[in-house]
Amino acid sequence: MADTSDTRTPAQIEADIKRRREVLAETLDEIGVRVHPKTIVGDAKAKVAANIDHTVGRAYVQVNRAVTQARAQFVDEEGGPRLERVVPVALAVVGVVTLLALSTRRRRG
């Protein structure tokens, strides 16, 4: 059987109780802060902001990759334009703009 006799003095017991109360009071204060509505809202906002930052970062990487790939299609290794690819795209853009301008004029007339 375990020895249940306590060899501490009353002053030591009182000091232990005082320390325990301080620890419990600190824990209760911490719990109060954690369950406070402002803390909960702040934590939720921080999580949303972190998720948005993560999503924006991933989107930036994807856009940067797409721009790099598109640039590689129209620029050679030395940085000069690849005319065999730039000219047809420019002609296509001019054609689309011309068609849009003509269709707008027909609607007005």
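**Reading a predicted helical chain**

Author: The accessible surface of the protein chain comes to about 10,200 Å², with 62% of this area belonging to carbon and sulfur atoms; such areas come from the Shrake-Rupley method with a 1.4 Å probe. The model is predicted, so local features need pLDDT of at least 70 and side-chain atom pairs count only at pLDDT 80 or more, while totals for chains, interfaces and linings use all residues. Residues are numbered from 1 along each chain as its sequence is written, and side-chain values use heavy atoms, without hydrogens and water.

Reader: What is the mean pLDDT of the protein chain?

Author: The mean is 90, and 94% of the residues reach 70 or more; pLDDT is the predictor's confidence in each residue, from 0 to 100.

Reader: Why is the protein chain called more spread out than a compact globule?

Author: The globule rule is 2.2 Å times the number of residues to the power 0.38, and the radius of gyration is taken over C-alpha atoms. For 109 residues the rule gives 13 Å, whereas the radius of gyration of the protein chain is 36 Å, well over that value; therefore the chain is called more spread out than a compact globule. Its C-alpha atoms fill a box of roughly 100 × 45 × 25 Å along the principal axes.

Reader: Why is E14 called exposed?

Author: Buried means under 20% relative accessible area, exposed over 50%, and partly exposed in between (1.4 Å probe, protein chains only). E14 has a relative accessible area of 58%, so E14 is exposed. E14 has its place in helix α1.

Reader: What share of the 109 residues of the protein chain count as buried?

Author: The share that count as buried is 1%.

Note on methods
Helix = DSSP H or I, 4+ residues; strand = E, 2+ residues; numbered from the N terminus.
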